[in-house]
Amino acid sequence: MTEKTWTLTDVSDGTWLETFSASSRDLNLPDDVHWTVSKRTLRGGLQDGVEIVEVDNGDLRFTVLPTRGMGLWKGSYRGMALGWDSPVRGPVHPRWVNLPDREGIGWLQGFDEWIVRCGLYSMGPPGLDRWTSPQGESRSAPLTLHGRIANLPACFLQVRVETESPYGISVIGHVEESMLFYPRIELCSTVTTWPRSNRLLLQDQVRNSGGQPTEMQLLYHCNFGPPLLGAGAGFRAPIARATPRDAYPAEAVRALHTYGKPGSSRQEEVYFMELLGASSHRKTLAVLHDRAREKAVALRFHLSQLPFFTLWKYAGSEQDGYVTGLEPGTGYPNFRSLERERGRLGVLQPGEAASFELEVEAHEQPAGVSLLLEEIRQLQDEHGG
Amino acid sequence: MTEKTWTLTDVSDGTWLETFSASSRDLNLPDDVHWTVSKRTLRGGLQDGVEIVEVDNGDLRFTVLPTRGMGLWKGSYRGMALGWDSPVRGPVHPRWVNLPDREGIGWLQGFDEWIVRCGLYSMGPPGLDRWTSPQGESRSAPLTLHGRIANLPACFLQVRVETESPYGISVIGHVEESMLFYPRIELCSTVTTWPRSNRLLLQDQVRNSGGQPTEMQLLYHCNFGPPLLGAGAGFRAPIARATPRDAYPAEAVRALHTYGKPGSSRQEEVYFMELLGASSHRKTLAVLHDRAREKAVALRFHLSQLPFFTLWKYAGSEQDGYVTGLEPGTGYPNFRSLERERGRLGVLQPGEAASFELEVEAHEQPAGVSLLLEEIRQLQDEHGG
Amino acid sequence: MTEKTWTLTDVSDGTWLETFSASSRDLNLPDDVHWTVSKRTLRGGLQDGVEIVEVDNGDLRFTVLPTRGMGLWKGSYRGMALGWDSPVRGPVHPRWVNLPDREGIGWLQGFDEWIVRCGLYSMGPPGLDRWTSPQGESRSAPLTLHGRIANLPACFLQVRVETESPYGISVIGHVEESMLFYPRIELCSTVTTWPRSNRLLLQDQVRNSGGQPTEMQLLYHCNFGPPLLGAGAGFRAPIARATPRDAYPAEAVRALHTYGKPGSSRQEEVYFMELLGASSHRKTLAVLHDRAREKAVALRFHLSQLPFFTLWKYAGSEQDGYVTGLEPGTGYPNFRSLERERGRLGVLQPGEAASFELEVEAHEQPAGVSLLLEEIRQLQDEHGG
């Protein structure tokens, strides 16, 4: 495979590009291949100092945030916005985010991304995690909401493109989560798309680069507001089991597949799910479609990598946050002690890495939406659903 | 009105000017109109990254801090310094300020401004605020000293000048205080002065840009040290009632109108006051004058907007902070639960805005000081004082 | 003495140089005098925004961190690395360090320096310090690990060189630790080396620039990993008394003079020591040498200034931190209340300054190492050891 690679940041040798841009034109690629990748630093407000990498494959655009743990800020597909309108105007530089603030929920100060990782050591609500070490010692650690990875900067950033078909366009970043006496966990993330594709692919490696075994957690918090979300929009997935996190009204639980209008509820709803995967390779998908079933987005992932799925519904007003989260994870965003008890904490041995893939697919034609829903039906049929 | 406007920052479209300067000369204004406005970013120390806008109307100069919630850092009028010498050398970038630090008083790490707003959701001491929601739920929120607004950056910054009489010179900034699941409150601040004027006018709009009603608090912490403050300097206002916050020695309370020399007391004194306003429009004023009554500064404001006034006296040594604060507010800087109980928390409905005006007037001639004191006497007479 | 001085930062007059470099060549010094000093700002990752000053005397190189309280990041002598490999990849900008985080040990998020100061108001573990004021009041203050000085930026930075023998090369920085109602303590640090010398000299003044007496603490946390540290490496000093901080296995305590290989222990060991000084001037030294006694580093200091010495041993794996700390201090890194009780807190009167000197000497020849060990033996003999 012929490739071209640019290193934008590498703290180990002092590489850092203030700005960067490359395009299919620069590389004399075929006329029907159109893409651009560019990097710059935002200035002013809470954005000041945030580095962004903007990728445009001709139809699909998205913004990668090296300054925020390689999250995806916002995207759009043929003009259809992907992401949501948070009451926080971001992307927010982590310098404005104080994780332990407000009893451990400071993470919300920076929360406005389309796709944000929760983890890597911990995710879920704040509190004092207590456990017994393999040596039998009582241990404890104060945790903050959804962990640290989204508020850590990449120490390495690269753009890599294929100069022959399928002309993949990738942004690669490394983020380290570590300090003395604590686990040392590294994220190596690659996000790839292809010219005119409606898809992007996140490929993450989470490595224990320390000398002791470490627990880990990872959840992809994928957030959508209008135009996909709206009154009558639908959530579909091949659900094996769904459990409300709290005691919601029965009618809310019955309506978990559909959405009310903005402002229709002040209470968030969270459902923990097990999904069905293709029996051959355990791949599955989760879909959000608009009321008219004309537009949709699908998340595709392996149950072997991300076995647990969380659906978050928050029908606040448009100003307060009208949003749903589709969240494949290594576990559920319960408090970590509970996840440990239930056996849903991953453990990485020294040097060991776990791989995670998440594919995001956007559709803006009814035919595409129908195929997705048909695919879910088939998965359910396959399992005798 | 003919105006000229420059946008220096607008995060919604990526506008950001590294530096800016404009002057009456650039606009071919009449020869006797002299002003300059300039913006730059400080470097080094705790100041690194702080944007400042410096305004000079020919006689009055002041520095606006977009990086610190549109506070006013320091000023001077015909060479007379306005502001104080804090033991913190600022202006301090909020990145060095950790609000929850030291049990919630981290705000002090950045406190060296002449005029700093406390608010917008809360002001006053740190602690756990507890209340019952309109729906009857028990709620609580940890608060940090004096709230968040002074350590949030402007997302919008504009300079606007009138190109005909009275040739007003304005700096406009917007600051947002919000995060998911929390109130969304926006400050739109305009500070205006006029060529050769001894006055500046703060005009603030505080808007609930969220979808739920929200409580709010605002206090203008206006701080003065030498040369205005000194042994024998005086505080004057048309006081209807004054209450010491704590049990101070009787002689201290009797001397609340006057000031001791630097280092004469290690304990701060705080007095809560109700002032008298003009019966027609409820406008009032508070004055600090030097011992010789040759220099003074007056704050003018509407009791309908800022009904409560706090006087802060701290006669620390010059190195530790020798300062007095004249503080008109929507309430007193008590702990928020108490202010709620006493009915001094404002409530803004969704979309609603409250307006606040604060005028600052500097005098460096005995005649001007006399007129101010006479004005206070007349207000008191009007009320049968 | 003929000198040349460059001011790189002075926040009091807005001086700030983005980059700086000077060399012996620029000054037409004699041919055998070779040195360079340069300053730049790192970009990317946790380093983004960290200013570094690199000094090279021809044989000894080191990096000063104005952004981190004038600590020394890393050094090398004739190719022998001085410092250690922390699991944190630094130097880390303090904006990424949240001191009260994780129950007060956020300091570790930025800990990767060769020589880092702990202090100035406090050092040692986090917790709530309680005491009674001279006025008999009960007081308390929450402390974070090792205090604030290492995460505060210099407000003043200068390079000064002698243009005649001995051609000293100095980097001077001032760092202020203060806020309203708290002690105001200033560090004026000078680090000096000489062409082709194996020595650097830290000369610190710690000044109470406030108006009240203040307690203070200072500890030089000097950290070493390979190549000096390794299995069989040795620690030597004229020890009068050594006390383990905790109950370690007897064999560990017996072996306190030597080191195990990386990963040989997960538990840190800390020894509190009193050293013997030369009877004439109370100067002493502490030495770390490699297994072969071919390389060593010596710290030299006055017991009148730094009477207490702490040895820190942490034989984590190479990935987790394999490191030893040689730590002369004004006291031990116990919790501050205990240090006060034992009379090991310094007190500075208003305006008073305390001076501290720490000399670091590197050797990469067996002869040099032998002389150091001989010197220690003589000190011990002098005291009848």
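A residue counts as buried when its relative accessible area is under 20%. Keep that cut-off in mind while we walk through this model, which is a predicted one. Let's start with a single residue, Thr324(C): its relative accessibility is 0%, so Thr324(C) counts as buried.

Where does this threonine sit? Thr324(C) is part of strand 23 of chain C, the stretch covering residues 322-329. Its side chain has two polar partners worth clicking on. One is the side chain of Tyr259(C), with which the side chain of Thr324(C) makes a polar contact at 2.8 Å. The other is a backbone atom: the side chain of Thr324(C) reaches the backbone oxygen of Trp312(C) at 2.7 Å. Both of those residues turn up again in the list of what Thr324(C) touches once residues up to four places away in sequence are set aside, a list that includes Tyr259(C) and Trp312(C). Trp312(C) is there with its sequence neighbours Leu311(C) and Lys313(C), and the rest of the list is Cys222(C), Asn223(C), Phe224(C), Leu229(C) and Leu288(C).

Now zoom out to a whole chain. Chain A has four helices and 25 strands. Its radius of gyration is 20 Å, close to the 21 Å that the globule rule gives for 385 residues, so chain A is as compact as a globular protein of that length. If you'd like box dimensions, the C-alpha trace of chain A spans about 60 × 55 × 45 Å along its principal axes. Of its 385 residues, 63% count as buried. As for contacts in chain A with a separation of 6 or more, 65% of them come from residues 24 or more positions apart.

Next, pick out helix 4 of chain A, residues 366-382. Its 17 residues reach 24 Å from the first C-alpha to the last, close to the 24 Å expected at 1.5 Å a residue. Which residues of helix 4 of chain A are buried? They are Gly368(A), Val369(A), Leu372(A), Leu373(A), Ile376(A) and Leu379(A). These residues cover an arc of only 135 degrees around the axis, which puts them on the same side of helix 4 of chain A. The general reasoning is familiar: an α-helix has 3.6 residues a turn, so residues three or four places apart point the same way. The buried residues of this helix pack against strand 17 (234-236), strand 20 (283-289), strand 21 (296-302) and strand 25 (353-363) of chain A. Over on the other side of helix 4 of chain A, Ala367(A), Leu371(A) and Asp381(A) are exposed. After the helix comes Gly384(A), with a positive phi near 75 degrees.

Flip to chain B and look at its helix 4. Here Gly368(B), Val369(B), Leu372(B), Leu373(B), Ile376(B) and Leu379(B) are buried, and they fall within an arc of 135 degrees seen down the helix axis, so they line one face of helix 4 of chain B. Ala367(B), Leu371(B) and Asp381(B) are exposed on the other side.

Finally, how are the two chains related? Chain B superposes on chain A through a rotation of 120 degrees with 0.0 Å of shift along the axis, at an RMSD of 0.0 Å. The two copies are thus related as by a three-fold rotation axis. In chain B, the C-alpha nearest that axis belongs to Arg95(B), 3.4 Å away from it. The copies use different surfaces, with 6% of the contact residues of chain B recurring in chain A.

Terms used. Residues numbered from 1 in each chain as written. Chains lettered and ligands numbered in written order. Predicted model: local features only at pLDDT ≥ 70, side-chain atom pairs only at ≥ 80, totals over all residues. Heavy atoms only, no water. Least-squares fit on C-alpha atoms with pLDDT ≥ 70 in both. Contact = heavy atoms within 4.5 Å. Helix = DSSP H or I, 4+ residues; strand = E, 2+ residues; numbered from the N terminus. Buried < 20%, exposed > 50% of the residue type's maximum accessible area, 1.4 Å probe, protein only. Polar contact = N/O pair within 3.5 Å; in protein donor to acceptor, adjacent residues only side chain to side chain. Expected span 1.5 Å × (residues − 1). Arc of directions from axis to C-beta. Rg over C-alpha atoms; globule rule 2.2 N^0.38 Å.
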